[in-house]
Amino acid sequence: MAWLAIKMLVGDPVKYLGILFGVTFATLLMSQQIAIFVSLLKRTASQILDIHDADIWVMDKVTRFIDEAPALPDQDLYRVRSVPGVVSAVRLVYSQLGARLPHGGYRTVILMGLDDPSLSGAPTRFIAGSLQRLREPDAVVVDKAGYTYLFPNEPLELDRVFEMNERRARIVGICEASQPFTTLPVLFSRYSQATQYLPPNRNLMNYILVRGTPGTDQQVLCDAIESMAQTGPRPLAALTREQFAMKTVNYYMESTGIPVNFGITITLGFIVGLAITGQTFYLFVTENIRQFGALKAMGVDNTRLVGMILLQGFVAGSTGYGLGIGLAACFFEGTAHVPALEGFGMFPGLLVGIALTVMAIVTLASLLSIRKVLVLEPAMVFR
Amino acid sequence: MSHSSVDLAARCRGLVKDFVSGATAQRVLDGVDCDIPFSAMTLLVGPSGCGKTTLVSLLAGLLDPTAGEVMVLGTDIGRLRGKSKVQFRGRNIGFVFQQYNLLPALTARENAAVPMIINGAPRRRALEKSTELLERVGLATKADALPKNLSGGQQQRVAIARALVHDPRLLLCDEPTAALDAASGRTVMDLLRAVAVGPDRAVLIVTHDSRIYDRGDRMIVMADGKVTATLEEKSMFAGHEQTGAT
Ligand SMILES: Nc1ncnc2c1ncn2[C@@H]1O[C@H](COP(=O)(O)OP(=O)(O)OP(=O)(O)O)[C@@H](O)[C@H]1O
Ligand SMILES: [Mg+2]
């Protein structure tokens, strides 16, 4: 019977292709849009997730996302260091500022000023130059994509200079960094150097990067830091890397139109896919209704008919799913080197989720037409 | 004149069928008594709307009687329910329809194999058997053709092969020649006689087509939901020319 079901389906190429088109379209649109959505949102937390030599981020409790952290007084650093279980706590300044380029261009950049002695939070993968050179005067390290934003169409070259806040900055290293949401260049310098570039505030440090003794429960340590900081002038928040990343992602989710925008496209993918698939499937069944009636007369009961139709849906669904995912993969493969889309791609959870959604689409689509077959009077074949 | 029930493929007694729509019921069969013996080709004739198709549907168990008894091969098919009825029909009854109702995506060979596959036979065996039947209906050379590439007469021959592939003991044909020209109609009737009639097999053919009356062995004449005559002699058929619409 499975044989019969599949023969009936593929034996009607126009409708089979129609159903395939619907499923493929839905799969491609949904998987591509969700992958971009997730990858894009993940970018809002790129600079958090890139730092692996600290477990915990300490910040002012009012901080809602990475780009919005008020400065902390130095006492906070010493207070965090005094919490039992803290092995190291170092300063970090994370800020955006303007860079004036030699040929007159001006770019907004992200600057991360790293603790002078330890250089905690520094990038690890260098394409040119090295981390040691960050100790030279006026030294900054820039990420590769950022370099091409600063100096478009120019070869990667060290020792290029530009100005921030009327002070010289010299590129001593080019590194890999996850793209930030804003696709701004990411610069790294020593903390002491960063204070030269940033406007003269009383406090500049806005994050404290903490490592705990190996084996300590990070959540326990976060709680200890927070309860210590209850007593200070301003309360602090201590979050694990993942928690802070999630907090930043959630901020963008809740306070931007991004989810709505993508949500609409993804829903459209679902609805249009369902509509095309459902309608073509319905046509397929209604046009074959006499044949289904004849099968019923010849001894196929409703259970087997439903099985046949679901199988037809399943076959069309899996084929269309494969095609759609393949096309989405081609898209991400083809755009892998476009900086705006760098690092974008699908992930296992997405593949599973889309597979389930596609199965829901074909099941719904076939259910629409199954009713027609169920109520079909087999005696109609004589008419 | 009458047959003992052992020789009977089917037997109806006091068969009543009402079609109910809303508050009104239309009595389409009104106390039909009839016998369909083995080893014979029985014709069922009568004016349009007299209830021939309804009677065939009841014999096939595709409709349930309002009252009365339909015995098919010793089983009261009107009483069977659900799966057992579908299965009984699948194993014992073959159908030939006016509209051939072949599956357009399947070749002649595959179409003819369908009833065996429905009954659970392995596909290989079903295809072998259907090839054999296509030979018997003279379509061996067209076994791999799709229905759309066959003439009406050829499609009906495929339908006959399909109706017989699973060796049903009762073959029900509703206007099998109505869509065919005279010559193809006669070919189909001769084929039915040659391949479907046997010691343990019965054929019932509903027809309007007086050109093929001479191919039958017996004739049941219906009018207005009742059997008005059962003619056992070919010589008597002639007087019962078509009275209704074509
Ligand atoms: N499913 C149904 N619902 C309601 N009425 C029906 C149904 N099927 C048949 N009828 C009615 O029952 C009567 C007999 O129909 P039937 O099809 O059995 O006649 P018939 O003898 O086969 O006619 P024809 O020679 O035109 O095929 C007709 O009046 C028809 O309108
Ligand atoms: Mg009829």
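A salt bridge is a side-chain nitrogen of Lys or Arg within 4 Å of a carboxyl oxygen of Asp or Glu. The exercises below apply this and related rules to a predicted model.

**Exercise 1. The contact between the chains**

Task: State how many residues each chain gives to the contact, what area is buried, and which elements of chain B take part.

Solution.

Step 1. Start with the residues. Chain B gives 26 residues and chain A gives 25 residues.

Step 2. Turn to the area. The size of an interface is often given as the accessible area lost when the parts come together. Here chain B and chain A bury about 2400 Å² between them. Carbon and sulfur atoms account for 68% of it.

Step 3. Look for polar links. Seven residue pairs, both at pLDDT 80 or more, are in polar contact across the interface of chain B and chain A. The elements giving two or more residues to the side of chain B that touches chain A are helix 1 (52-59), helix 2 (82-92) and helix 3 (108-118) of chain B. Helix 3 of chain B has the largest share, five residues.

Step 4. Sort that side by class. The side of chain B that touches chain A has 15 nonpolar, five polar and six charged residues.

**Exercise 2. A salt bridge across the interface**

Task: Which residue forms a salt bridge with A:Lys7?

Solution.

Step 1. Count the candidates. Two salt bridges cross the interface of chain B and chain A.

Step 2. Name the partner. A:Lys7 pairs with B:Glu110. The closest N and O atoms are 2.8 Å apart.

Step 3. Apply the cut-off. The rule asks for a nitrogen within 4 Å of the oxygen, and the pair A:Lys7 and B:Glu110 forms a salt bridge.

Step 4. Place B:Glu110. B:Glu110 is among the buried residues of helix 3 of chain B.

**Exercise 3. Two helices of chain B**

Task: Find how many residues are buried in helix 3 and in helix 5 of chain B, and name what covers helix 3 and helix 5.

Solution.

Step 1. Take helix 3 of chain B. 11 of its 11 residues are buried, so helix 3 is largely enclosed by the rest of the structure.

Step 2. List its cover. From chain A, the cover includes helix 1 (2-10), helix 10 (289-297) and helix 11 (302-334). From chain B, it includes helix 4 and helix 5.

Step 3. Check what follows. B:Gly120 comes after helix 3 of chain B and has a positive phi, near 95 degrees.

Step 4. Take helix 5 (residues 152-164) of chain B. It has 13 residues. It reaches 18 Å from first C-alpha to last, close to the 18 Å expected at 1.5 Å a residue.

Step 5. Test its burial. 12 of the 13 residues are buried, so helix 5 of chain B is largely enclosed by the rest of the structure. Among the buried residues are B:Arg157 and B:Arg162.

Step 6. List its cover. Included are strand 6 (93-96), helix 3, helix 4 (123-136), strand 7 (170-174) and helix 6 (182-196) of chain B.

**Exercise 4. Salt bridges within the chains**

Task: What parts does the pair B:Asp64 and B:Lys85 tie together? Add the setting of other pairs.

Solution.

Step 1. Confirm the pair. The side chains of B:Asp64 and B:Lys85 meet in a salt bridge, 2.3 Å from N to O.

Step 2. Locate both ends. B:Asp64 lies in the loop between helix 1 and strand 4 (67-72) of chain B, and B:Lys85 in helix 2 of chain B, so the pair ties together parts that are 21 residues apart in sequence.

Step 3. Compare exposure. B:Asp64 is partly exposed at 32%. B:Lys85 is buried at 8%.

Step 4. Move to chain A. A:Glu154 and A:Arg160 form a salt bridge at 2.2 Å, N to O. A:Glu154 is partly exposed at 29%, whereas A:Arg160 is buried at 17%.

Step 5. Widen the view. A:Arg133, A:Glu136, A:Asp159 and A:Arg170 are linked in a network of salt bridges. Over all chains the structure holds 32 salt bridges.

**Exercise 5. Two residues of chain A**

Task: Is A:Thr277 buried or exposed, and what does A:Phe25 contact beyond four places in sequence?

Solution.

Step 1. Place A:Thr277. It sits in helix 9 (residues 258-287) of chain A.

Step 2. Read its accessibility. A:Thr277 is buried, at 0% relative accessible area. Beyond four places in sequence, it touches residues including A:Ile19, A:Gly22 and A:Val23.

Step 3. Place A:Phe25. It belongs to helix 2 (residues 13-43) of chain A and is partly exposed at 29%.

Step 4. Name its contacts. Neighbours within four places aside, A:Phe25 is in contact with A:Val272 and A:Gly273.

Terms used
Residues numbered from 1 in each chain as written. Chains lettered and ligands numbered in written order. Predicted model: local features only at pLDDT ≥ 70, side-chain atom pairs only at ≥ 80, totals over all residues. Heavy atoms only, no water. Contact = heavy atoms within 4.5 Å. Buried area = accessible area lost by both parts, 1.4 Å probe. Polar contact = N/O pair within 3.5 Å; in protein donor to acceptor, adjacent residues only side chain to side chain. Helix = DSSP H or I, 4+ residues; strand = E, 2+ residues; numbered from the N terminus. Nonpolar A, V, L, I, M, F, W, Y, C, P; charged D, E, K, R; others polar. Expected span 1.5 Å × (residues − 1). Buried < 20%, exposed > 50% of the residue type's maximum accessible area, 1.4 Å probe, protein only.
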